[in-house]
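Q: Got a minute to go through this one with me? I'd like to start with a loop.

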Amino acid sequence: MKLPSIRASAGIISLLLALMAVVAFFLVSAVPDRGIPILIYHEIGPLGDGDREMFIDPHVFRLHMRHLKEQGYTSITLKELHAHYTKRQPLPRNPVVLTFDDGYQGVYENAWPIMKEFGFVGVLFVTDYLGKPGYMTDSQVAALVSHGFELGSHSRTHANLLTRSDEELIDEVGAYKHELERRFGVPVTSFAYPMGYFDQRVVDAVREGGFLIGVTVQEGLADVGQGLLTLRRVPIFRYNCMRSFIRKLKIGR
Ligand SMILES: [Zn+2]
């Protein structure tokens, strides 16, 4: 006589467990910020034997952009990310930041046509290498900025800022920011530490120089808890296969 009621309660328990699993699934998927991927690219160009590990072939770059498009990612700037962190400005569903360090020529010549095709913009981190062979000219940078790219600073001379005197630091950070703003006629509020080197003195100089966002080369998805001037990024290397690109996009490393 007791058997059917045991069966019935077992049935109810498994139903409850299934319901709890469904609720847990939705709670986990509703977590708003699991971190935002800020990808680091350098040169986008055909590879030769001597090319560095950060140089990405345009064909591979196209696969990256196509994947982002297919997965419903929208590119945002660091200015938009700052507005989200400080003013709760809403972000698109799958935001990604595409940053390009050093101002290489291939960003204009090879990356930009592909990005345009997929509707993406990026953030340029430039130095006074601009105009030198292999690097973008001012007019190429201005053209990208007029199409929605954000202009950021990567310091004046791409120096290891840990080794610079306080005076030199002001020139590398604050003075170069104002020079870029005068030259290109746009506010420059994002800073990328050259080679990723920073300490508290350097971060203070970046804040006092008037920057709102700072990005490092420490691997990981960006989260406001890391500090607005020391956000993590996701470096993309030449040897990363598509599978590791997809993993890095999701978990930052
Ligand atoms: Zn650099």
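**Loop, strands and helices**

A: Sure. D199 sits in the loop between β6 (190-192) and α7 (200-208); helices (H or I, at least four residues) and strands (E, at least two) are DSSP runs, numbered from the N terminus. This is a predicted model, where local features need pLDDT of at least 70, side-chain atom pairs count only at pLDDT 80 or more, and totals for chains, interfaces and linings use all residues. Residues are numbered from 1 along each chain as its sequence is written.

Q: Is D199 buried or exposed?

A: D199 is exposed, because it has 10 other C-beta atoms within 10 Å. With C-beta atoms placed from the backbone, 12 or fewer within 10 Å counts as exposed, 20 or more as buried, and in between as partly exposed.

Q: What's the C-alpha separation of D199 and T230?

A: It's 9.9 Å, and they are 31 residues apart along the chain.

Q: Switching to strands: how many bridges join β4 to β5?

A: Four, and β4 (residues 123-126) and β5 run parallel. Strands pair if DSSP finds at least two bridges between them. V126 stands opposite S153 in β5.

Q: And which way do the residues of β5 point?

A: In β5 (residues 150-153), E150 and G152 point one way and L151 and S153 the other, and all are buried.

Q: Now helices. Which residues of α6 and α7 make the contact?

A: The axes of α6 (residues 166-184) and α7 come within 9 Å. L169, I170, V173 and G174 of α6 make the contact with V202, A205, V206 and E208 of α7, where contact means backbone-placed C-beta atoms within 7 Å.

How values were computed. Axes are lines fitted to C-alpha atoms, for helices over the stretch in contact, and angles run from 0 to 180 degrees between N-to-C directions. Two residues are in contact if their C-beta atoms, placed from the backbone, lie within 7 Å.
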